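Subject: Structure for you to look at

Hi,

Here is the structure I said I would pass on. Have a look at it first, and then read my notes underneath.

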Amino acid sequence: MSARIPPVLRPEHPSARSLGQLVTEFGLDHVGSLDGIEITGVTLSTGDLHPGDLYVGMPGAHRHGAEFAAEAREGGAVALLTDAKGAEIARDSGLPVVLVDSPRAALGEVSAWIYRTHEQPPLLFAVTGTNGKTSTSYLLEGILKQLGLVTGLSSTAERHIGELVVVSRLTTPEASEMHALLARMRESEVRAVAVEVSAQALSRNRVDGLVFDVAGFTNLSHDHLDDYADMEEYFAAKLPLFQPDRAKRAVVSLDSPYGQRVVEESRIPVTTIQVVTPGADTPSDADWKVTVTEEAAAYTAFTLDGPEGRSLSTRVPMIGIHMAADAALAIVMLVEASFELEAIGQALEADGGIVAYLPGRTERVSGDRGPSVFVDFGHSPDAFLNTLAAVRRFTPGKVIMLFGADGDRDTTKRPEMARVAAAGSDILVITDHHPRFEDPDSIRKTLVDAAREAYPEHEIHEVSPPEAAIRAAVVLAGEGDSILWAGPGHQDYRDIEGVRTPYSARDEARDALREAGWAE
Ligand SMILES: CC(=O)N[C@H]1[C@@H](OP(=O)(O)OP(=O)(O)OC[C@H]2O[C@@H](n3ccc(=O)[nH]c3=O)[C@H](O)[C@@H]2O)O[C@H](CO)[C@@H](O)[C@@H]1O[C@H](C)C(=O)N[C@@H](C)C(=O)N[C@H](CCC(=O)O)C(=O)O
Ligand SMILES: Nc1ncnc2c1ncn2[C@@H]1O[C@H](COP(=O)(O)OP(=O)(O)OP(=O)(O)O)[C@@H](O)[C@H]1O
């Protein structure tokens, strides 16, 4: 059985638009009569086709989308938008063809036009960076709700429209889906939307047709070097978000050295923020400074100090300094969007701090007895470093780190992940994650070898599959110990040879605790 692919959210009451008018307004060439053709939606996939759609045939990694034009017509598509090659491929499809140089480059503006998302858009927030995008987006959404707004969210984990929740496929949806989502949000009177923007999304035009009111940068560290040749290329992929055609203003964290470079290369007004340690040798030049004042098992308290003596103290219901950094970034993004710091402070104080639930982000799944078990989505060396440090601070006993590495994704980060995991833990349990089309034994071997080489004395267990590994970790743990299971986070499947096999790390961890007698 494979896990269900979540649906794409579309407006429930789309208004029809004239294809002829689109062609005229965009100055496009076309083949075949467009007389009387009305479009109500747009898609680049036959898997998500609605009658009345404009089907966009774009060249992909494997196929040219125009190959599916006839299938799209049978499914109710009323026209094809494609490039010259696609027009040739789809010559006999029976669909009128609208021509563009690059369907991907045209998709954002065309989708915005079809769904009228340029008209009275909500407040738009974008968050990018290697780690912390999802967390900051959820925290933004949480605070906006506390301020009384109807909100929307687009993240790796979920898309939210007010109270409606749908599981996500991509971190940042393709532009056609993004504008459909915004149109649906408008129907629900959503006033502010937090959007997680991946580097891949910026490289692939997925946020075209949007101008964010405020863009936030969390940090940059080693990840995605399968998609980008090196860190410079990965960094360069993030920069377009910080230019006038993409965002009006930005808040940039200086917590990683790349933050300063974003400031230097951005061409929009930028405000900076940084986590500071009282008494540190190098004072921070950031506009806003975050000081963690208390780290408890259920929350992290911090003070945010800004220009003109402005200050706010609150708490985030998550563990770790990095979560205070994400929460403070969210608050300053709101200030840049013209919310009063005082009003934010009052709303948070009324609720005893920020109210937000972040699925699978250092989520504690254990109860009052036995070891603490946290399930986390971290899958990069820097994420491991931060979450392990956070867990360590509450753990009187041993810290057991359980993790595997993604198959068919950046292989160069694996040894460093293993070294960081060994350095920050007392016991390592190495297992499988999403093997995809790779051999899981060989992925584990790379991790075990790297950890052993760096820390020959470290206690390392290799256990496959993860269902057995979490049970092994629980057996190794006792009262006062912690298990950090990094990687699976919120996900409800494992990708094994391209099949999404249903699986929940959080449920497995709860079952393992129950079987060991630590939970009812
Ligand atoms: C590697 C990559 O970017 N792939 C994307 C790409 O697929 P592709 O080029 O392989 O498509 P293809 O199979 O050649 O097909 C070409 C076209 O024909 C269409 N088609 C194909 C078959 C069919 O039966 N009907 C049909 O309409 C496809 O929708 C596509 O438009 O075009 C598809 C449709 O637009 C995307 O969904 C797909 O993203 C895949 C799922 C993906 O995983 N992308 C990753 C790299 C990604 O974007 N990740 C980031 C970052 C995550 C993070 O922060 O960690 C993200 O934002 O999610
Ligand atoms: N500011 C931060 N600095 C470093 N690590 C962080 C930070 N915020 C979160 N993390 C770590 O990174 C993991 C992933 O967090 P989150 O999902 O918020 O990031 P993301 O950028 O959305 O990741 P992805 O690109 O994989 O979706 C967390 O579970 C935590 O381990």
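Below is what I found, going from the whole chain down to single residues.

Before anything else, please keep in mind that this is a predicted model.

**The chain as a whole**

The protein chain has 16 helices and 26 strands, so there is plenty to find your way around. Its C-alpha atoms fill a box of roughly 75 × 55 × 45 Å along the principal axes. For 520 residues, a compact globule would have a radius of gyration near 24 Å, and the protein chain has 24 Å, so the two agree. Buried residues make up 51% of the 520. As for contacts, take those between residues at least 6 apart in sequence: 68% of them join residues at least 24 apart.

**Two enclosed helices**

Start with helix α5, residues 133-146. At 1.5 Å a residue, its 14 residues should span 20 Å, and the end C-alpha atoms are indeed 20 Å apart. Of those 14 residues, 12 are buried, so α5 is largely enclosed by the rest of the structure. The buried ones are K133, T134, S135, T136, S137, Y138, L139, L140, E141, G142, I143 and L144. After the helix comes G148, with a positive phi near 95°.

Helix α10, residues 321-336, can be read in a similar way. Its 16 residues should span 22 Å at 1.5 Å a residue, and its end C-alpha atoms are 23 Å apart, which agrees. Here 16 of the 16 residues are buried, so α10 too is largely enclosed by the rest of the structure. Just after α10, S338 takes a positive phi of about 80°.

**Two helix pairs**

Two packed helices are described by the angle between their axes and the distance between the axes. Here are two pairs to try that on.

The first pair is helix α4 (residues 103-115) and helix α6 (residues 175-187), which pack at about 25° with their axes 8 Å apart. An angle under 35 degrees counts as roughly parallel, and that makes α4 roughly parallel to α6. Their crossing is right-handed. On the α4 side the residues involved are L107, G108, S111, A112 and Y115, and they meet A175, S176, H179, A180, L182 and A183 in α6. When you look at that list, it helps to recall that an α-helix has 3.6 residues a turn, so residues three or four places apart point the same way.

The second pair is helix α13 (residues 414-424) and helix α14 (residues 440-454), whose axes come within 8 Å and cross at roughly 50°. These two are therefore oblique to each other. The contact is made by R414, P415, A418, R419, A421 and A422 of α13, together with T446, L447, A450, A451 and A454 of α14. The crossing of α13 and α14 is right-handed.

**A proline worth clicking on**

P381 sits in helix α12, which covers residues 381-393. It counts as buried because it has 20 C-beta neighbours inside 10 Å. What does P381 touch, once its neighbours within four places in sequence are left aside? The answer is S221, H222, K413, E416, M417 and V420. Take V420: it is 39 residues from P381 in sequence, yet their C-alpha atoms are 6.2 Å apart.

**Some backbone details**

Most residues other than glycine have a negative phi, and most peptide bonds are trans. A few places here go the other way.

- H224 has a positive phi, near 60°. It lies in the loop between β13 (212-217) and α8 (231-238), and it is partly exposed, with 18 other C-beta atoms within 10 Å.
- T362 has a positive phi as well, near 40°. Its place is in the loop between α11 (341-350) and β19 (363-364). Is T362 buried or exposed? It is buried, with 24 other C-beta atoms within 10 Å.
- S464 and P465 are joined by a cis peptide bond, with omega about 0°. P465 is in the loop between β23 (459-462) and α15 (466-476).

That is everything I have for now.

Best wishes

Key:
Residues numbered from 1 in each chain as written. Chains lettered and ligands numbered in written order. Predicted model: local features only at pLDDT ≥ 70, side-chain atom pairs only at ≥ 80, totals over all residues. Helix = DSSP H or I, 4+ residues; strand = E, 2+ residues; numbered from the N terminus. Expected span 1.5 Å × (residues − 1). Rg over C-alpha atoms; globule rule 2.2 N^0.38 Å. Contact = placed C-beta atoms within 7 Å. Axes fitted to C-alpha atoms, helices over the stretch in contact; angles between N-to-C directions. Parallel < 35°, antiparallel > 145°, perpendicular 65-115°, else oblique. Left-handed = near helix turned anticlockwise from the far one by under 90°.
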